[in-house]
Amino acid sequence: MQLYKILEGLEADYNKANDGMEISGITHDSRKVQPGFIYVSLLGVKENGEKYIEEALSKGARLVVSQIERGANVIKVKDSRSAYSLMCKNFYEKASDSLKLIGVTGTNGKTTIVNLLAEILRSAGKSAAIVGTMGINYNGNVIDTGFTTPDPEILHKHFLEMKNSGVEYVVMEASAHALALKKLEGLNFELGLLTNITQDHLDFFGNMENYAKTKLSFFDGKHMKLGIICSDDDYGRKLINNPSMSLISYGLDNPSDVFAVNTTSDFRHSKFVCNCLDEIFEVQTNLAGKYNIENTLASIAAARAIGIKKQDITRALRYINPVEGRFNVIRHHKCNIVIDYAHTPDGLKKVLEEAKALTRGKLIAIFGCGGNRDRKKRPIMGKVASGLADKIILTSDNPRDEDPLDIISEIAKGVANSVPCEICENRAKAIAHGIEHASPNDTIVIAGKGGEKYQEIKGEKKPYNDFDAVYDYFRSNIKLQEGEDESNS
């Protein structure tokens with residue numbers, strides 16, 4: 001593609017004689033530069049892209065985008081991150097403009113809502129893609145990007161492939177990092193949803209004010225037709241009370257445009273009556289718990305806002321299974337086991353509250369915290385767990401470059417002395433220990449990793465999965481019992 005097409009709509013200072021130059025690719029990673037590429041120098045969180053300009057040029061980069069440097073081979077811009085997103089959009093033929101984008105932001109619930117809404121759309125005969133924590137998913141293609149919201153180069157490349165393969169809707173998670181790093185610059189959304197804003201990522205944002213401000217910036221009214229906001233969230237109510245755009249509210253505890261009554265839930269499903277802008281829905285889902293009812297309300301509000309019929313919505317919700325790693329229940333005569341991705345204080349609180357409400361015996365919480373992430377939340381999560389669980393087993397999550405026992409000790413500072421608390425660094429052994437000592441009618445909540453297939457330790461992602469750990473225990477226990485039976489016969 002010629003340079004002038006890639007720079008369309010950008011404010012840039014460069015040699016106009018280069019307008020007709022053919023560009024074969026765009027990247028911000030100097031290691032990926034190939035002859036004919038544009039290298040975009042980003043002022044990174046950990047690394048400064050300016051350091052790699054010479055390397056990029058030596059590998060054949062034709063031009064460099066920078067907000068600092070000047071020169072014959074430099075395109076000078078005010079903001080290189082914004083420019084990177086807009087250039088990627090142009091390079092991939094502005095494919096996003098041909099897609100109906102729906103963005104979901106918030107601390108918790110994004111993945112569930114994205115998957116619920118995509119399945120509702122597909123059930124109604126629409127071609128829908130998913131972009132989020134569990135990767136990019138469309139027309140049978142599943143791509144692991146490693147990010148909740150991929151970098152612009154990856155995002156727009158797949159937007160073009162989606163467009164060419166007939167995708168109509170893209171339901172995507174909009175992370176706070178993506179908003180802060182301007183990955184979504186140039187995208188126009190049909191709808192934007194806000195679930196909630198609670199403590200997370202303060203290692204990056206510094207404080208809740210900055211974190212919340214970044215999330216709320218998604219709803220500035222400039223690139224979105226309609227916002228769908230949870231009225232049960234403090235920050236959501238601020239948006240509702242001071243709207244900069246058209247909004248629909250949903251919730252369970254505060255007045256809302258979309259709400260539920262007659263709610264019932266157990267470990268297998270939930271039932272409720274939904275009032276969606278005075279239209280009544282009888283809803284049954286395979287998702288358990290109050291917060292999943294809220295997630296379902298958000299999905300109903302969004303689906304109706306884009307014209308999906310009532311009967312298509314209720315039919316889809318009846319048959320949709322829980323998203324992997326989001327309040328997944330393993331029912332066993334030994335106990336009920338809940339596996340959930342909850343890794344924030346609010347997320348852990350919600351999953352433990354739901355499990356406790358459904359449990360006749362004791363509630364056992366098994367969790368840890370990620371390394372090289374928000375350390376402030378660790379004792380808070382310990383406090384949250386000790387306020388709800390009858391027993392706590394602290395273990396390793398994704399320690400990354402930290403010592404797992406150091407992380408565990410910080411969590412333990414928040415655990416009340418009155419609650420039995422054990423430490424078992426090995427996560428699989430912690431799970432086996434929890435099951436081994438559970439009684440009938442007890443519930444074990446294994447939180448933090450959900451459906452993740454690895455543990456990140458010292459820069460290496462080692463194979464691991466909470467579901468596998470549970471089933472490995474059961475398989476080993478069955479073999480042990482069979483061996484005992486044979487020896488006693």
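Helices and strands here are DSSP runs, numbered from the N terminus, a helix having at least four residues and a strand at least two. The exercises below concern a predicted model.

**Exercise 1. Find the place of D29, and decide whether D29 is buried or exposed.**

Solution. Begin with the strands on either side: D29 belongs to the loop between β2 (25-27) and β3 (37-40). Next, take the relative accessibility of D29, which is 13%; because buried means under 20% relative accessible area, D29 counts as buried. Finally, compare sequence with space: D29 and S41 are 12 residues apart in sequence, while their C-alpha atoms are 8.4 Å apart.

**Exercise 2. Describe the largest nonpolar core and state which helix gives the largest share of this core.**

Solution. The largest nonpolar core has 53 residues, and those with the most contacts inside it are I26, I38, M87, F159, M162, V170 and L184. The largest share of this core, 5 residues, is supplied by helix α3 (residues 80-91). A second core, separate from this one, has 41 residues, including C276, L297, I313 and I320. To look more closely at one residue of the largest core, take M162: apart from its neighbours within four places in sequence, M162 is in contact with L99, A129, V131, I136, Y138, V167 and V170.

**Exercise 3. Classify the aromatic pair of F91 and Y92, and then that of F218 and F219.**

Solution. A pair of aromatic rings is described by the distance of the centres and the angle of the planes. The structure holds 7 aromatic pairs. For F91 and Y92 the centres are 5.0 Å apart and the planes stand at 85 degrees, which makes the pair edge-to-face. F91 is buried, with a relative accessible area of 15%, and Y92 also counts as buried, at 16%. For F218 and F219 the centres are 5.3 Å apart and the angle between the planes is 75 degrees, so this pair is edge-to-face. Both F218 and F219 are buried, and together with F189 they form one aromatic cluster.

**Exercise 4. Name the residues over whose rings K310 and K461 lie.**

Solution. K310 lies over the face of F281, at 5.6 Å from the ring centre. In the case of K461, the charged end sits over the ring of Y454, 4.5 Å from the centre of that ring.

**Exercise 5. Work out which strands stand at the edges of the sheet with the order β17-β18-β22-β19-β20-β21.**

Solution. This open sheet is formed by 6 strands, and its pairing is mixed. β17 (328-331) and β21 (421-423) each have a single partner strand, so they stand at the edges, with one side of each left without a neighbour in the sheet. From one strand to the next, the twist averages 20 degrees. Within the sheet, β19 (residues 363-367) pairs with β22 (residues 443-447) in the parallel sense over 4 bridges, and the bridge partner of I366 is I446 in β22. Helix α14 (residues 404-412) lies across β19, β20 (391-394) and β21, and runs at about 155 degrees to β20.

**Exercise 6. Locate H201 and N441, and state the phi of each.**

Solution. Most residues other than glycine have a negative phi. H201, although not a glycine, has a positive phi of about 60 degrees; H201 is found in the loop between β11 (189-194) and α7 (202-205), and is partly exposed at 23% relative accessible area. N441, likewise not a glycine, has a positive phi of about 80 degrees; N441 is in the loop between α15 (427-436) and β22, and is partly exposed at 38%.

How values were computed: Residues are numbered from 1 along each chain as its sequence is written. This is a predicted model: local features need pLDDT of at least 70, side-chain atom pairs count only at pLDDT 80 or more; totals for chains, interfaces and linings use all residues. Side-chain values use heavy atoms; hydrogens and water are left out. A nonpolar core is a set of buried Ala, Val, Leu, Ile, Met, Phe, Trp, Tyr and Cys residues joined through side-chain atoms within 4.5 Å. Buried means under 20% relative accessible area, exposed over 50%, partly exposed in between (1.4 Å probe, protein chains only). Contact means heavy atoms within 4.5 Å. Rings of Phe, Tyr and Trp (its six-membered ring) pair if their centres lie within 6.5 Å; planes under 30 degrees apart count as stacked, over 60 as edge-to-face and the rest as tilted. A charge sits over a ring if NZ of Lys or CZ of Arg is within 6 Å of the ring centre and within 35 degrees of the ring normal. Two strands pair if DSSP finds at least two bridges between them. Axes are lines fitted to C-alpha atoms, for helices over the stretch in contact, and angles run from 0 to 180 degrees between N-to-C directions.
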